[in-house]
Amino acid sequence: MPSRSLWSRAVIALAMALVPLFSNQVCADDLERIRTESDVLNTVMATALERSVTFRSLVERIERSDLIVYVTCSHFESVTLAGRTLLATAPPGVRYVRVQILCQQPQRALVTIVAHELQHVVEIASTPEAVDDRSVRRLFSAIGFSTCQSPRSEQFETRAAWDTGERVRREVVHYRGTNVLVRRPEGGRWQRKSGD
Ligand SMILES: [Zn+2]
C-alpha cells in the first residue's frame, strides 16, 4: 500500500497568475479532451484504461465535459510534489486544464498519481462556475482543504482524490480481465476491443 507521504505529494495547485495556452478560439467539439504527447504517460493511461473501471469512468466523465486536459511530464521546484492540476485558462465555452506529473517514478506509482490528478480534473469538470483562480479556490475550499499557502500560490487536497488514486491502483494490480482499450493511430478516442 502506498505510503501517506505519496498522497501528500500529489496535490492540486492553484496558479495565482492564469497563463493563456492559446490565443486563437478553439472549437472544443473537434478535440479529444485528454491529451498527452508523453510515451510514458500514454502507457500509464492505456494500462489504467485497460485494467481499472474507476479510471475509465474518470476518463468518460472528462470526455463529456467542457474541459481540454493536457497531461505532461514535469519537474517541480518542491521535492514534496509528484503531480498537480491547474486551471490554465477558461475562455467562453471551453476550459483548459494542465496536469503535470513527475514521471521519473515506477509505473504503479504513476498510475496512482495520474488517477489522483484526473479526479481533481473531474472535480473541476463538475463545477462549471470554476473558471478562474478565485472560483477554483472557492471550489477546493468547499470540497477539500488547504495543504500549503504562500504569497505566490496555494495548494489544496481532497479526500476523493486520495481515495480514487488508491482505488485505481488496486484495480490495476488485481486486474484479471480480458478487455483491452487501444488508441486509434490517428489520435482518435480510446476504443475497447477483445484482448488476448
Ligand atoms: Zn491532490
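The following exercises, each with a worked solution, concern the fold of a predicted model.

Residues are numbered from 1 along each chain as its sequence is written. Because the model is predicted, local features need pLDDT of at least 70 and side-chain atom pairs count only at pLDDT 80 or more, while totals for chains, interfaces and linings use all residues.

**Exercise 1. Overall composition**

Determine how many helices and strands the protein has, and what percentage of its residues is buried.

Solution.
- Step 1. Helices (H or I, at least four residues) and strands (E, at least two) are DSSP runs, numbered from the N terminus. The protein has six helices and nine strands.
- Step 2. A residue is buried if 20 or more other C-beta atoms lie within 10 Å of its own, exposed if 12 or fewer, and partly exposed in between, with C-beta atoms placed from the backbone. Of the 196 residues in the protein, 37% are buried.
- Step 3. Two residues are in contact if their C-beta atoms, placed from the backbone, lie within 7 Å. Among contacts between residues at least 6 apart in sequence, 74% join residues at least 24 apart.

**Exercise 2. The open sheet**

State the strand order of the open sheet of four strands and identify its edge strands.

Solution.
- Step 1. Two strands pair if DSSP finds at least two bridges between them. The order in this open sheet is 2-3-5-4, and the pairing is mixed.
- Step 2. Strand 2 and strand 4 are the edge strands, each pairing on one side only.
- Step 3. Strand 5 pairs with strand 3 in the parallel sense over seven bridges; here Val-69 stands opposite Val-97.
- Step 4. Strand 5 pairs with strand 4 in the antiparallel sense over six bridges. Arg-84 stands opposite Gln-100, the bridge partner of Thr-85 is Val-99, and that of Leu-86 is Arg-98.
- Step 5. Strand 4 and strand 5 form a hairpin with five residues between them. Gly-93, in the turn, has a positive phi of about 95°.

**Exercise 3. Burial of strand 5**

Establish which residues cover each face of strand 5.

Solution.
- Step 1. Seven of the seven residues of strand 5 are buried. In strand 4, five of seven residues are buried.
- Step 2. On one side of strand 5 lie Arg-95, Val-97, Val-99 and Ile-101, and on the other Tyr-96, Arg-98 and Gln-100; all are buried, and both faces are covered.
- Step 3. Helix 4 lies across strand 3, strand 4 and strand 5, running at about 160° to strand 5. Axes are lines fitted to C-alpha atoms, for helices over the stretch in contact, and angles run from 0 to 180 degrees between N-to-C directions.

**Exercise 4. The largest nonpolar core**

Identify the residues of the largest nonpolar core that touch the most other members, and the helix that gives the most to this core.

Solution.
- Step 1. A nonpolar core is a set of buried Ala, Val, Leu, Ile, Met, Phe, Trp, Tyr and Cys residues joined through C-beta atoms within 7 Å. The largest has 41 residues, of which Ala-48, Ile-62, Val-69, Val-97, Val-114 and Val-121 touch the most other members.
- Step 2. Elements that each supply at least two residues include helix 2 (39-51), helix 3 (53-63), strand 3 (67-73), strand 5 (95-101) and helix 6 (159-173). Helix 4 gives the most, with ten residues.
- Step 3. Beyond its neighbours within four places in sequence, Val-69 is in contact with Arg-33, Ile-34, Arg-35, Ile-62, Val-97, Val-99 and Val-121.

**Exercise 5. Arg-33**

Is Arg-33 buried or exposed?

Solution.
- Step 1. Arg-33 is found in the loop between strand 1 (12-15) and strand 2 (34-35).
- Step 2. Arg-33 counts as buried because it has 21 C-beta neighbours inside 10 Å.
- Step 3. Not counting residues up to four places away in sequence, Arg-33 touches Ile-62, Glu-63, Ser-65, Leu-67, Ile-68 and Val-69. The C-alpha atoms of Arg-33 and Ser-65 are separated by 8.0 Å, and the two residues are 32 apart along the chain.

**Exercise 6. Packing against helix 6**

Classify the crossing of helix 2 with helix 6 and that of helix 3 with helix 6.

Solution.
- Step 1. Angles under 35 degrees count as roughly parallel, over 145 as roughly antiparallel, 65 to 115 as roughly perpendicular and the rest as oblique.
- Step 2. The axes of helix 2 and helix 6 come within 9 Å and cross at roughly 80°, so helix 2 is roughly perpendicular to helix 6. Thr-47, Ala-48 and Arg-51 of helix 2 make the contact with Val-168, Glu-171 and Val-172 of helix 6.
- Step 3. The axes of helix 3 and helix 6 are 7 Å apart, at an angle of about 130°, so helix 3 is oblique to helix 6. Val-53, Thr-54 and Phe-55 in helix 3 meet Thr-164, Arg-167, Val-168 and Glu-171 in helix 6.
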